[in-house]
Amino acid sequence: MTDSKVTPASVAVRVERLSFRYPGGPDVLTDISFTIAPGEIIGLVGPSGAGKSTLLQHLNGLLPSKLSDTSTNVISIDGVPVSQPTISEVRRRVGFLFQDPDDQLFCPTVFEDVAFGPLNLGLTNDDARQRVCDSLASVGLAGYEPRSTLRLSLGERKRVCLAGVFACQPSVLALDEPFSSLDPRARRTLIGILKQFSGSQIIATHDLDVVVDLCHRVLLLDGGQLRAAGPTADILGNAALMERHGLEVPWRLRR
Ligand code: ADP
């Protein structure tokens, strides 16, 4: 199935006929096509094993097998094809949040972790310090710079990861289960942060009530195929469609 609602001039993310399998395994993604407009927030939903994480990882070239395949540039970000020669440019544009903060945090202190991206982009120490300060404040963690990344709650670790993403000033956020394991207050805080982000977002999540709150459109993935795409209420409010793909209509859309 192809979702082609967005005109070419207004495309932040373009995925065209993407198919993928892990080495030696079966197809995990089959013929996926969609676009995301600037500023648009997309909910990526589907049962476990549908291929959501695998799809997100393609958006900033985290899956290296595709990077060597320069003959088919099936993904582009702001018009830049995702390929080996452009990988730095693509990663500058796409901020990727791993499901598990422990896959993302690797420095002893919050400051070092959040500063890593800006310094890697070539910013001066002073500019990087300012970015760290601003991005920690934007996620409600002002003053956390000297704290150990190992001595934070899960919600705080997720927000530090997000601060590291924001510090690089990406135009697109690709977020893998950002709300999992958060308590209600941390979840609400994160929703507020994402609502204020002005770029495009694609969010893989099982938290369908958040999708109703946050997302303009939904892509429904199952068995590695795009089964439905459209306005959030149309997709998530369709009880037969949801049941067919092992999902439930979220509370806020139940009549
Ligand atoms: P989702 O995020 O929707 O739960 P995933 O993208 O994580 O789905 O997984 C899709 C399929 O790919 C699953 O069958 C999973 O077992 C398989 N898979 C995920 N990662 C790997 C990997 N590194 N190697 C081989 N198979 C994988």
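Reader: Why is Arg17 called exposed?

Author: In this predicted model, Arg17 has a relative accessible area of 59%. Exposed means over 50%, so Arg17 meets the criterion with its 59%.

Reader: How do you know that Arg17 and Asp31 meet in a salt bridge?

Author: The side chains of Arg17 and Asp31 have an N to O distance of 2.8 Å. The criterion is a side-chain nitrogen of Lys or Arg within 4 Å of a carboxyl oxygen of Asp or Glu, and the pair therefore qualifies. Arg17 lies in strand β1 (residues 13-21) and Asp31 in strand β2 (residues 27-36), 14 residues apart. Asp31 is partly exposed, at 30% relative accessible area.

Reader: What makes Arg157 count as buried, and what is the class of its salt-bridge partner Asp102?

Author: Buried means under 20% relative accessible area; Arg157 has 16% and therefore counts as buried. Asp102, at 48%, is partly exposed. In their salt bridge, the closest N and O atoms are 3.4 Å apart. Asp102 belongs to the loop between β6 (94-97) and α4 (110-120), and Arg157 to helix α6 (residues 154-166), so the pair ties together parts that are 55 residues apart in sequence.

Reader: Why is Asp213 called partly exposed rather than buried?

Author: The relative accessible area of Asp213 is 21%. Buried requires a value under 20% and exposed one over 50%, so Asp213 falls in between. Asp213 forms a salt bridge with Arg188 (3.1 Å, N to O).

Reader: Why is strand β9 described as largely enclosed by the rest of the structure?

Author: Six of the six residues of β9 (residues 217-222) are buried, so this description follows. Both faces are covered: Arg217, Leu219 and Leu221 are buried on one side, and Val218, Leu220 and Asp222 on the other.

Reader: How do you know that β9 pairs with strands β3 and β10?

Author: Pairing requires at least two bridges. Strand β3 (residues 41-45) and β9 share four, in the parallel sense, while β9 and β10 (residues 225-231) share six, in the antiparallel sense. Both pairs therefore satisfy the requirement. The bridge partner of Val45 is Leu220, and Asp222 stands opposite Gln225.

Reader: What makes the approach of Lys52 to the ligand a polar contact?

Author: A polar side-chain atom of Lys52 lies 2.9 Å from an oxygen atom of the ligand. The limit for a pair of N or O atoms is 3.5 Å, and the Lys52 pair is therefore a polar contact. Backbone N or O atoms of Gly49 and Ala50 lie 2.7 Å and 3.1 Å from ligand oxygen atoms, respectively.

Technical notes
Residues are numbered from 1 along each chain as its sequence is written. This is a predicted model: local features need pLDDT of at least 70, side-chain atom pairs count only at pLDDT 80 or more; totals for chains, interfaces and linings use all residues. Side-chain values use heavy atoms; hydrogens and water are left out. A polar contact is a pair of N or O atoms within 3.5 Å; within protein, one must be able to donate a hydrogen and the other to accept it, and residues adjacent in sequence count only if both atoms are side-chain atoms. Buried means under 20% relative accessible area, exposed over 50%, partly exposed in between (1.4 Å probe, protein chains only). Helices (H or I, at least four residues) and strands (E, at least two) are DSSP runs, numbered from the N terminus.
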